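Hi there,

Here is the structure I promised to pass on. Have a look at it first, and then read my notes below.

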Amino acid sequence: MTFDSLWRELEPLGRDPGTGGYRRYSWTPADAACRAWFTRQAEHRGLAVESDNNGNLWAWWGRKGPGAIVTGSHLDSVPDGGGFDGALGVVTALAAVDLLQAKSFYPERPVALAAFTEEEGARFGVACLGSRLLTGTIDAAAARALADDAGTTLAEAMAAAGHDPARLGPRDDLLDGIAAFVELHVEQGRALDPMGAAIGLGDGIWPHGRWRLDFQGRADHAGTARLADRHDPMLPYASTVLAARQAAADSGAVATIGKVIAEPNGTNAVPSAVRAWLDVRAPDAGTVEKTVTTIRSASERFSREHGVALSMRQESYTPLVRFDEPLRDRMAAALAAAGLAAPVLPTAAGHDAGILSARVPAAMLFVRNPTGISHSPAEHAELADCEAGVRALATVLADLAGPT
Ligand SMILES: [Zn+2]
């Protein structure tokens, strides 16, 4: 099948008709539809599909065994996300298999297409949850207890979807059998466009983390409670948003508060509590730490001024990632030999490839995003660039898994 026809099949799944954005949250019906689609497509190509104990999907081309070359990405999305983030890496992997099978290529080493679960952390709060469980960078018991906004735990959600949460945990046997992991992803930024390049190679990933802030105040009447008597958690929250922006600007980091829940969320009531999530990223760990410390002390000060209790805790942290240089050099050489120019870029976005890079040689391919917009329904990549991504991925797979 062509990339375009595959894309059109997946495109409507989990798409909100109102916003045009995707709501492919893990272990929901939309997620199940995406997983079933991937399984059907992989099996149609003669690949053997299995779900690992952490809910990640693996489609094996040829025998399953050591020295495997793995490619893939994720199928879940952020709230009202774009269609390309994650899905592009899964669809190009299927299309690359088609391209290679059409050339009668058969891998000499095992090849697997992977679709990782809960990469965005949109439902349970921890980004790259599937690859973190696989590599053991999150404790299985802690993961089982993670809850979504409705209070449903990961264990409950997995059980409802027919997966046994008791089996969550690291898989050294699987990881030991992987010789290379290559993740193709839509560019989330705008570096390739000014260079006139359709594809790029990943250099590394900025360190990044998420923190949860709980501002606990006191609910009151919006009309009768005197301003001086209030303990309004919205005020220190609002000041913290501005302080985060300033701290990031001062230190060369980026800081975002993109999720907030006010309780009880009434128009004529002083809220009792405000919960907010802070995301901070920077080129190095010291800058992340300094930025978070600045925001924390500002937030504590604002909370004291308003008689509001604050608790702030880290929900996840991913250290600086440098992708495997020998793998990247080999990919660059194979791409150059195929006439595909691929400049090397850093990224401030987290990926499963970053988590896996601690255990296996990992690399990333990026496909040009002309506007740079991501995590938005406006996210876009041109069809011709996606097709260039398919050719690049097929070239890399043929080189890594082909005759030596
Ligand atoms: Zn992604």
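**The zinc site**

In this predicted model, the zinc ion is coordinated by His74 through NE2, Asp85 through OD and His185 through NE2, at 2.0 to 2.1 Å. Along the sequence, these donor residues follow the spacing H-x10-D-x99-H. Aspartate 85 sits in the loop between strand 3 (68-74) and helix 3 (87-102), while histidine 185 belongs to strand 5 (residues 178-186), so this pair ties together parts that are 100 residues apart in sequence.

Are these two donors buried or exposed? Aspartate 85 has 6% relative accessibility and therefore counts as buried. Histidine 185 counts as buried too, at 1% relative accessibility.

**The chain as a whole**

Stepping back from the metal, you will find 13 helices and 15 strands in the chain. For 404 residues, a compact globule would have a radius of gyration near 22 Å, and the chain agrees with that at 22 Å. Its C-alpha atoms fill a box of roughly 80 × 45 × 40 Å along the principal axes.

Of the 404 residues, 55% are buried. Taking contacts between residues at least 6 apart in sequence, 78% join residues at least 24 apart.

On the outside, the accessible surface comes to about 16,400 Å², with 53% of it belonging to carbon and sulfur atoms. As for charge, there are 37 positive and 49 negative side chains, and the centres of the two sets lie 2 Å apart.

Happy browsing, and best wishes!

Key. Residues numbered from 1 in each chain as written. Predicted model: local features only at pLDDT ≥ 70, side-chain atom pairs only at ≥ 80, totals over all residues. Heavy atoms only, no water. Donors = N, O, S within 2.8 Å, 3.2 Å for Na, K, Ca; no water. Helix = DSSP H or I, 4+ residues; strand = E, 2+ residues; numbered from the N terminus. Buried < 20%, exposed > 50% of the residue type's maximum accessible area, 1.4 Å probe, protein only. Rg over C-alpha atoms; globule rule 2.2 N^0.38 Å. Contact = heavy atoms within 4.5 Å. Areas by Shrake-Rupley, 256 points an atom, 1.4 Å probe, with all protein chains shown as cover. Lys, Arg positive; Asp, Glu negative; His and termini not counted. Charge placed at Lys NZ, Arg CZ, Asp CG, Glu CD.
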